[in-house]
Amino acid sequence: EVPCLDQNSVIVGYSVLYGAVTSGVGGTVASTSGRALTVNGLYPYTNYSIKVSAVNSDGAMGPYSSPLFVVTSARLFGAVAGLQAINNTFTTITLTWQPPPVPNGVIIMYQVTYSTNGVVNT
């Protein structure tokens, strides 16, 4: 909050500028009359830059704050791509695949499930 003696007019709202750091695009602007805002429609496991500026009753905006960098939470991964069976023998199958196109987080391991005569194995 700006001290009263430093205000040129009444603060009536705030402008919030946010965008994905890796996008290279200027960002999206949202407005609020309060001092809190929930931003929806963001991508999972993405680093966002967020800056806030006060707006006075004349419609003038103050300078934006220093950026706040926040990473959204990870979520369930998509399916792997390009699953192939190579080097098959009488007793083994070697599988290869590519990570999901959009990983939505850090992949630390893959789980392979297969069945033999109706019995599921992991």
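This is a chat about a sheet and a surface patch in a predicted model.

Trainee: How are the 4 strands of the open sheet ordered, and is the pairing parallel or antiparallel?

Mentor: The order across the open sheet is E2-E1-E3-E4, and the strands pair in the antiparallel sense. Neighbouring strands of this sheet are turned by 30 degrees against each other on average, if direction is ignored.

Trainee: And what holds strands of a sheet together in general?

Mentor: Strands of a sheet pair through backbone hydrogen bonds.

Trainee: OK, which strands stand at the edges here?

Mentor: Those are strand E2 (28–32) and strand E4 (68–71), and because each has a single partner strand, one side of each is left without a neighbour in the sheet.

Trainee: How many bridges join E1 to E3?

Mentor: Strand E1, residues 11–20, is joined to strand E3, residues 47–56, by 9 bridges; among them, Leu17 has Lys51 in E3 as its bridge partner, while Gly13 has Val55. With E2, strand E1 pairs over 5 bridges, and there Val16 has Ala30 as its partner.

Trainee: Why is E1 called largely enclosed?

Mentor: Because 8 of its 10 residues are buried, E1 is largely enclosed by the rest of the structure, where buried means under 20% relative accessible area.

Trainee: Switching topic, which residues make the nonpolar surface patch?

Mentor: Val80, Leu83, Ile93, Leu95, Tyr110, Val112 and Tyr114 make that patch, which covers about 650 Å².

Trainee: Where does Val112 lie?

Mentor: Val112 lies in the loop between strand E6 (94–98) and strand E7 (114–116), and with a relative accessible area of 35% Val112 is partly exposed.

Note on methods:
Residues are numbered from 1 along each chain as its sequence is written. This is a predicted model: local features need pLDDT of at least 70, side-chain atom pairs count only at pLDDT 80 or more; totals for chains, interfaces and linings use all residues. Side-chain values use heavy atoms; hydrogens and water are left out. Patches are made of residues with over 30% relative accessible area and no salt bridge: like charges are joined within 9 Å, nonpolar side chains (Val, Leu, Ile, Met, Phe, Trp, Tyr) within 5 Å. Accessible areas come from the Shrake-Rupley method with a 1.4 Å probe; for residues, only the protein chains shown count as cover. A salt bridge is a side-chain nitrogen of Lys or Arg within 4 Å of a carboxyl oxygen of Asp or Glu. Helices (H or I, at least four residues) and strands (E, at least two) are DSSP runs, numbered from the N terminus. Buried means under 20% relative accessible area, exposed over 50%, partly exposed in between (1.4 Å probe, protein chains only). Two strands pair if DSSP finds at least two bridges between them. Axes are lines fitted to C-alpha atoms, for helices over the stretch in contact, and angles run from 0 to 180 degrees between N-to-C directions.
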